[in-house]
Amino acid sequence: MQNNSSQILVSVIMPVFNAAPYLSIAIDSILNQTHKNLEFIIINDGSFDDSKNIITSYPDSRIVFVDFKEQKGIVAALNYGLSIANGSFVARMDADDESLNNRISLQLEYLLAHPEVGILGT
């Protein structure tokens, strides 16, 4: 690969609504990616469980925390995340999912090798 993919900023957007039981696993799986140059936009969509406390307990500077006081829905949360994303690429994450630690690296490598591909799902 000719591009230095480790320098490419990737924005990971994760809406959260009452996902406390799964949230730490989801957050850890993104923060522990082999591709380190990312911003992690986490949007708390009016959760009334412990989600906000879990998110704010992470002292990682890559986290961009957005706190909707009232639930606006996943579409509004994603659109807001897209509006503030700074990355050359955007990755979606669900608050109850876990990503393999090389997910972002593999997706980025594939997208760089296949510029005709605009969207990649895994």
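Q: In this predicted model, which residue of strand 2 is the bridge partner of I13?
A: The model is a predicted one. Strand 1 and strand 2 pair in the parallel sense, over seven bridges. The partner that I13 has in strand 2 is I41.

Q: Which strands are the edge strands of the sheet?
A: Four strands make up an open sheet with parallel pairing, and their order is 3-2-1-4. An edge strand pairs on one side only. The edge strands are therefore, from the order 3-2-1-4, strand 3 and strand 4.

Q: By how many degrees are neighbouring strands of this sheet turned against each other on average?
A: The sheet is open and consists of four parallel strands. With direction ignored, the average turn between its neighbouring strands is 20 degrees.

Q: Within what arc do the buried residues of helix 4 fall?
A: Helix 4 spans residues 103-113, and its buried residues are R103, I104, Q107, L108, L111 and L112. What covers them includes strand 1, helix 1 and strand 4. Seen down the helix axis, these buried residues line one face of helix 4, because they fall within an arc of 145 degrees.

Q: Is the aromatic pair of F17 and F48 stacked or edge-to-face?
A: The structure holds two aromatic pairs. In the pair of F17 and F48, the ring centres are 5.9 Å apart and the planes stand at 80 degrees. Planes over 60 degrees apart meet the cut-off, so the pair of F17 and F48 is edge-to-face.

Q: How many residues apart in sequence are the parts that the pair of F17 and F48 ties together?
A: F17 lies in the loop between strand 1 and helix 1. F48 lies in the loop between strand 2 and helix 2. The pair therefore ties together parts whose separation in sequence is 31 residues.

Q: Is F48 buried or exposed?
A: F17, its ring partner, is partly exposed, with a relative accessible area of 33%. F48 has a relative accessibility of 69%, and the cut-off for this class is over 50%. F48 therefore counts as exposed.

Q: Which residue forms an aromatic pair with F68?
A: F68 belongs to strand 3, and its partner belongs to helix 3, 12 residues apart. The pair is edge-to-face, with 5.9 Å centre to centre and 70 degrees between the planes. F68 is buried at 8% relative accessible area, whereas its partner is partly exposed at 37%. That partner is Y80.

Q: Which residue has its charged end over the ring of F68?
A: The ring of F68 also takes part in an edge-to-face pair with Y80. A charged end sits over this ring, 4.4 Å from its centre. The residue is K72.

How values were computed. Residues are numbered from 1 along each chain as its sequence is written. This is a predicted model: local features need pLDDT of at least 70, side-chain atom pairs count only at pLDDT 80 or more; totals for chains, interfaces and linings use all residues. Side-chain values use heavy atoms; hydrogens and water are left out. Rings of Phe, Tyr and Trp (its six-membered ring) pair if their centres lie within 6.5 Å; planes under 30 degrees apart count as stacked, over 60 as edge-to-face and the rest as tilted. Helices (H or I, at least four residues) and strands (E, at least two) are DSSP runs, numbered from the N terminus. Buried means under 20% relative accessible area, exposed over 50%, partly exposed in between (1.4 Å probe, protein chains only). A charge sits over a ring if NZ of Lys or CZ of Arg is within 6 Å of the ring centre and within 35 degrees of the ring normal. The arc is that of the directions from the helix axis to the C-beta atoms. Contact means heavy atoms within 4.5 Å. Two strands pair if DSSP finds at least two bridges between them. Axes are lines fitted to C-alpha atoms, for helices over the stretch in contact, and angles run from 0 to 180 degrees between N-to-C directions.
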